[in-house]
Amino acid sequence: MTILVTGGAGYIGSHCVASLIRRGENVVVLDNLSRGHAAAVAGTRLYRGELADSAFLDTVFSREKIDAVIHFAAFSLVGESMTQPGTYFQNNVGGTLSLLEAMVRHNVSYIIFSSSAAVYGEPQSVPITEDMPLCPTNPYGESKRMVEAALKWFESAHALRYAALRYFNVAGAARGGNIGEHHEPETHLIPLVLKAAQQGKPIRVFGNDYPTPDGTCIRDYIHVEDLIDAHVLALSYLKNGGESGAFNLGLGYGFSVKEIIEAARSAVGLPILVEDAPRRAGDPAVLIASGDRAKRVLGWKPVHTELGDILTSAWIWHKTHPRGYTEN
């Protein structure tokens with residue numbers, strides 16, 4: 001089976017590529033490398049180009065005889081989306097529509113879509129289930145919601161089968177530490193905490209007066225390799241006749257910012273300084289997913305359920321790659 005992984009040179013995409021190759025799949029990577037890293041997918045068939053370029057997509061689909069798509073390619077910075085909504089809708093929605101049209105032209109029937117918990121906005125209650133209202137509070141989340149809506153209509157019109165996987169907080173790194181998380185700029189808590197430990201600089205904690213046991217925000221963290229397992233299972237599910245739909249990916253319990261920092265101190269054996277800062281607008285106190293549907297329908301069984309496992313794997317990557325990926 002030949003699988004096209006869009007955004008395959010990014011953090012999550014590169015872990016998906018590695019997993020698929022280990023499983024013996026024929027993998028093709030598409031990435032414009034604006035935020036991904038060629039070094040993360042060294043040795044694979046990498047096509048550098050834009051989803052909006054229909055001729056480019058036709059070349060890839062024709063040359064490689066694609067059977068299925070796992071679609072990660074998107075801009076994903078919430079704050080940036082608030083100031084550049086046009087860029088986010090053009091890239092995340094427009095690029096995906098171009099991809100879907102190419103799939104239709106080349107008779108490719110299966111797509112696994114990287115969605116987000118951001119489609120829910122401020123949750124009514126936790127844990128969050130898939131039947132809760134979708135009320136995004138930023139253009140990034142809205143772009144993901146719009147793509148999910150488009151997928152339903154493409155299925156109706158073209159029998160395109162899909163699974164939209166709604167992530168919560170993804171962290172950790174691959175076994176062996178050869179690939180990991182490297183964003184510019186970095187906005188995710190765990191890599192920021194580990195960088196603070198490496199550099200001896202304080203980590204900023206945004207808000208310490210939330211209605212949580214220690215006053216800091218609580219989030220549901222999932223190891224990147226467990227996340228990728230869900231993508232592989234979702235594709236198998238669709239190929240075996242499963243119905244299209246959305247699935248939350250989370251452990252069903254969370255950790256506070258302070259708990260993350262304290263666990264990181266133990267994992268790395270270094271002091272980590274803390275600097276209190278005001279709350280950020282729009283940060284909910286608690287975001288926890290119900291992953292029950294993915295477990296029940298897809299047969300998904302997360303393996304890395306301990307915070308220490310996630311932090312240790314991430315630390316191995318950051319310790320051995322202090323500058324991240326150094327070339328594209």
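Residues are termed buried here when their relative accessible area is under 20%. By this criterion, in the predicted model, helix H8 holds five residues of interest, in that Val257, Ile260, Ile261, Ala264 and Val268 are buried. Viewed down the helix axis, the buried residues of H8 fall within an arc of 95 degrees, and they therefore line one face of the helix. The helix itself comprises 12 residues, 257–268, for which a rise of 1.5 Å a residue predicts a span of 16 Å, and the end C-alpha atoms lie 16 Å apart, in agreement with that expectation. Beyond the helix comes Gly269, whose phi is positive, near 70 degrees.

The cover over the buried residues of H8 includes helices H6 (189–199) and H10 (307–320), together with strands E8 (203–206), E10 (221–223), E12 (255–256) and E13 (274–277). In helix H6, in turn, the buried residues are Leu189, Ile190, Pro191, Val193, Leu194, Ala196 and Ala197, and what covers them includes strand E7 (169–171), E8 and E10 as well as helices H8 and H10. Directly after H6, Gly200 adopts a positive phi of about 70 degrees.

A separate feature is the second largest pocket, which encloses about 160 Å³ of space. Its lining consists of 14 residues, of which Ser19, Arg22, Arg175, Glu225 and Asp229 are the closest to the pocket centre. Helix H1 (11–22) and helix H7 (224–239) are the elements that give two or more residues to this lining, and the lining residues of the pocket divide into 6 charged, 5 nonpolar and 3 polar.

Note on methods. Residues are numbered from 1 along each chain as its sequence is written. This is a predicted model: local features need pLDDT of at least 70, side-chain atom pairs count only at pLDDT 80 or more; totals for chains, interfaces and linings use all residues. Side-chain values use heavy atoms; hydrogens and water are left out. Helices (H or I, at least four residues) and strands (E, at least two) are DSSP runs, numbered from the N terminus. The expected span of a helix is 1.5 Å times one less than its number of residues. Buried means under 20% relative accessible area, exposed over 50%, partly exposed in between (1.4 Å probe, protein chains only). The arc is that of the directions from the helix axis to the C-beta atoms. Contact means heavy atoms within 4.5 Å. On a 1 Å grid over the protein atoms alone, a cavity is a set of points where a 1.4 Å probe fits but cannot get out, and a pocket is an open set with protein on both sides within 12 Å along at least five of seven lines; lining residues have an atom within 4 Å of a point. Grid points are joined across faces, edges and corners, and a volume is the space filled by probe spheres set on the points. Ala, Val, Leu, Ile, Met, Phe, Trp, Tyr, Cys and Pro count as nonpolar, Asp, Glu, Lys and Arg as charged, and the others, Gly among them, as polar.
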